[in-house]
Amino acid sequence: MSKVQIMTGNQAAALGAMLSNVQVVAAYPITPQSQLAEIMSQYIEGGKLRAEYVRVESEHSALTVCISASTVGARVFTATSANGLLYMHEQLHWAAGARLPIVMCCVNRGVGAPWTIFNDQQDSLSQRDTGWIQIYCRNNQEIIDTVIQAYRIAEKVYVPVMVNFDGFVLSHTMMPVEIPDAGKVRTFLPPYRPHTILSPEDPRNINPVLFPWRRENTEGVLCDGYMEMRYKLQAALENAREQILETDAAFHESFGRKHGGMLWEYRTEDAEVILTGMGSIASEATAAADILREEGLKIGVVGIRVFRPFPKEDVRQAFKKAQVIVVFEKAISYGYEGGLCSDLKSAFYGTDIRAPIHGYVAGLGGRDVKARELAEAAKASMADMKAGQIEKNTTWLNCFTG
Amino acid sequence: MPENLFKLNAKEYILPGSRACQGCGLSLAYRYMLKALRENTIVTLPASCLCVLQGIYPSTPVMIPALNNSFASTAASASGIVAGLQALNRSDITVVGMAGDGGTFDMGIQALSGAAERETDFIYVCYDNEGYMNTGTQRSSATPLGAITTTTPVLTKQQHKKDFIKIVEAHDIPYLATVSPSYPIDLYEKFVRAKKIKGTRYIHMYIGCPPGWVYPPKDTVKMGRLAVETGLAVLFEIEDGKFRFTGRSKTMAQKGTRLPVINYVEKQGRFKKMNIEQLNQLQAWVDRKWDEYLRRAE
C-alpha cells in the first residue's frame with residue numbers, strides 16, 4: 001500500500017535510498033545535505049535498514065568507501081553538496097571509469113570562494129565531464145522516485161548516477177510525497193550484480209595501469225587499451241537514454257507516476273515561446289508560464305531532467321515549434337555562458353530549429369527567483385527578438401551589474 | 001633460526017616476472033607478507049611502486065585479488081571493502097590497505113587516521129622507501145635528513161624524517177609492528193600475528209630502493225640489515241600498548257651493540273652531499289629515538 005506523507009526533499013531522498021535496500025552508506029556532513037546523512041543513520045541504527053554506515057572523515061573518503069564496497073558487490077549510497085562534491089572530484093572520475101553503479105544525491109549549493117551555503121547548481125554543473133549520469137529533480141516526489149529509478153538505471157548500464165535537487169528550495173521544503181510500496185520496489189529493483197567482483201574466489205587486479213595500446217592476455221586474446229575503455233564509457237552513457245526511458249516507463253507501470261524520462265513539458269502544445277531550465281527553476285518557470293498565458297501569450301516550459309547523457313533527440317523534438325527559447329540557469333561556464341544554453345545550441349545545429357536562444361543566469365548563491373521575474377525576463381527576450389536582436393549576451397537576472 | 005624457515009608457507013603468491021625494479025625491497029617484503037596472509041586476502045593499493053609491481057593490464061604476477069585506487073584513498077578504500085564484505089556477510093577475509101610512505105605519511109594520512117579511529121577491521125601496511133620513488137625519487141616527509149632527492153637536488157633534505165609510527169600509535173590501535181625484508185622470519189611472524197587480531201593493525205615496512213637510494217641492486221638485503229644495525233630502522237611490535245623489541249633489534253638492545261649511522265650513510269649515493277654537521281644531527285636523532293625505545297622496553 002502506498003501512502004502520502006508531508007516531507008522535505010532530504011527526507012524523500014533518504015526514504016528512496018532505504019526503499020532501494022542500500023547495503024553500504026558512507027557520508028560526510030555538509031549543509032544542506034546534513035539532514036539526509038542524519039536520517040540514513042537513524043534508519044540504520046534504528047534497525048529499519050540493514051546496512052553498514054561508514055561515518056567517514058571526508059567526502060573524498062565517502063566516495064572511496066562507495067567505490068570499494070561496490071567493487072565487492074554491495075549496493076551503495078552517498079550524498080553531498082557544493083565543496084563536498086568538489087572534494088570528491090577525483091573519485092567521481094574513478095567511480096565512472098571503474099563502471100560502478102553508485103547512486104549519489106547532490107543537494108545543489110553554490111561553491112566557495114566566497115562562501116555561500118545557499119542554492120545554485122554550480123557544484124554539479126562543474127562535474128559535467130566526470131562520466132556520471134546527471135538527473136535534476138523538480139519536486140520532492142520526483143526525488144524519492146528518481147533515487148529508486150537511479151539504481152535500476154545505474155545497475156543496467158554500469159554508470160554511476162547523480163541525483164540532483166536544489167538545496168533548501170527542495171531539500172528543506174515540505175511537500176506531500178506518495179511513498180512507493182516497499183514490496184513493489186523490490187520487484188522493480190532486482191539485486192545488484194557487479195560486472196567484475198573483487199573476491200578471493202576469483203582473484204583479479206582491478207583498475208590496474210594500462211598502456212596506450214591494446215595488449216594480449218595470457219591466452220593470446222587482445223584486450224582493451226585505455227582508449228577502448230574510455231570509448232565504452234562514452235557508449236554506455238549514450239546508450240543510457242534508452243534505459244532511462246525504459247525505467248521511467250516501467251516505474252509508471254508499477255507506481256502510476258512518470259517524470260518524463262529525459263525531459264518534461266508543460267503547456268508546450270501550442271507554445272511559441274519555450275522557457276527551459278533544470279530543477280526547481282524550471283518548476284518556477286511553469287508558474288511564470290501560467291502568468292504569461294493569462295496575458296494571452298503562448299508560453300510553455302521544457303524541464304531538462306537528464307543533463308548527461310544530454311537529451312539531444314528529445315530537445316530537438318520538444319523545441320521543434322519554438323519561435324523563442326529562453327534558458328534559465330543557476331550556473332555558468334565562466335568566460336562563456338550557461339552550460340545548458342551551449343548544449344541546447346549545439347543540439348540544434350544542423351536542424352530546422354533556428355529560434356533565437358537567450359540565456360539568463362539566475363539565483364546564484366540562493367538569490368531569490370520569483371515566477372514574476374522569470375515572466376518579465378521572458379517578455380524582455382520576446383521584445384528583443386521582435387526588435388531583431390537575435391543574439392544577446394547572457395543576462396544576469398536580479399543582479400546589479402551597473 | 002633455520003628450523004623456522006620450515007614454518008614458512010611454501011606457496012608463492014607472486015609469480016616470476018613482476019615489474020618491480022631489480023633489487024626491489026618491496027617485492028621481497030610483499031612476497032613474504034602474502035605467504036603469511038595466504039589466499040583469503042584482499043589488497044587495496046594506491047598509485048605507487050606497488051601498483052607497478054602489480055602489473056600492466058591484462059596481466060598480473062600477483063595471485064591475490066587487488067583493487068587499485070587513487071593516491072589518497074588506501075585506508076578509505078579498505079574501509080569500503082570491509083563494509084561491503086560485512087554487508088554481504090563475509091567476515092572471513094583479511095583486508096589489507098598497502099601504500100608507500102608518500103601515500104601514508106603525506107597524502108593518505110587523513111584516510112588512515114579516519115579508518116583507525118573508526119576501529120576498521122583491517123591491516124594497514126606502509127612500505128617506507130623514504131621518498132616518491134615511483135615518480136622518480138622526489139622528497140617525501142619520510143625522507144631522512146641529508147638525502148639528495150630530485151626535489152632536494154642541491155641542498156639535500158633539511159629536516160628529519162617524520163616519526164609517523166608515533167602518530168599511528170596515538171590512535172590506540174591493538175597492534176603495530178615494524179618489519180624489514182632483510183629479516184623475513186620476523187616479518188612473516190608479525191603478519192601471522194596481525195592476521196589473528198581484530199581491529200586496525202598497522203605494519204611499517206622499511207624498504208630499500210636501489211635506484212632511489214643509489215646503491216647496487218644486489219645490496220638490498222645488506223642495506224636493510226645496516227638500517228636495523230645502525231638503529232635507523234628498529235624492529236619492534238606494540239600489542240595493546242605494550243612495546244617489545246623483536247629479532248635483531250632485540251639482540252642489539254640486550255647486548256648494547258649498535259653501529260654508527262656512518263656505516264649506513266656511506267654506502268648510499270643519496271647521502272653523498274651530507275656534511276659532518278648533518279651526520280652528527282642524524283646520529284643524535286637516532287640516539288634519541290633509540291633511547292626512547294630502550295626506556296619503553298624496560
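Helices (H or I, at least four residues) and strands (E, at least two) are DSSP runs, numbered from the N terminus. This is a predicted model, in which local features need pLDDT of at least 70 and side-chain atom pairs count only at pLDDT 80 or more, while totals for chains, interfaces and linings use all residues. Residues are numbered from 1 along each chain as its sequence is written, and chains are lettered from A, with ligands numbered from 1, in the order in which they are written.

A starting point in chain A is its open sheet of seven strands, which has mixed pairing and the order β3-β2-β4-β5-β7-β6-β15; two strands count as paired if DSSP finds at least two bridges between them. At the edges stand β3 (52–54) and β15 (306–308) of chain A, each with a single partner strand, so one side of each is left without a neighbour in the sheet. On average, and with direction ignored, neighbouring strands of this sheet are turned by 20° against each other, where axes are lines fitted to C-alpha atoms, for helices over the stretch in contact, and angles run from 0 to 180 degrees between N-to-C directions. Within the sheet, strand β4 (residues 76–80) of chain A pairs in the parallel sense with strand β5 (residues 103–108) of chain A over four bridges, and A:Phe77 has A:Val103 in β5(A) as its bridge partner.

Helix α2 (residues 34–45) of chain A lies across β2 (24–26), β3, β4 and β5 of chain A and runs at about 145° to β3(A). The axis of α2(A) also comes within 9 Å of that of helix α1 (residues 9–19) of chain A, and the two cross at roughly 40°. The two helices are therefore oblique to each other, a term for angles that are not under 35 degrees (roughly parallel), over 145 (roughly antiparallel) or 65 to 115 (roughly perpendicular). Residues are in contact if their C-beta atoms, placed from the backbone, lie within 7 Å, and among those that make this contact are A:Ala13, A:Ala14 and A:Ala17 of α1(A) and A:Leu36, A:Ile39 and A:Met40 of α2(A). By class, the contact has eight nonpolar, three polar and no charged residues; Ala, Val, Leu, Ile, Met, Phe, Trp, Tyr, Cys and Pro count as nonpolar, Asp, Glu, Lys and Arg as charged, and the others, Gly among them, as polar.

Between the chains, 42 residues of chain B are in contact with 40 residues of chain A. On the side of chain B that touches chain A, the largest share, ten residues, comes from α4(B), and that side has 21 nonpolar, 19 polar and two charged residues. Two bridges join strand β9 (residues 205–206) of chain A to β2(B), the strands running parallel, and A:Asn205 stands opposite B:Ala66 in β2(B).

Some local backbone features remain. Most residues other than glycine have a negative phi, and most peptide bonds are trans. A cis peptide bond, with omega about 0°, joins A:Thr31 and A:Pro32, and A:Pro32 is found in the loop between β2 and α2 of chain A. In chain B, B:Glu119 has a positive phi near 55° and is found in the loop between α6 and β4 (122–128).

How values were computed
Two residues are in contact if their C-beta atoms, placed from the backbone, lie within 7 Å.
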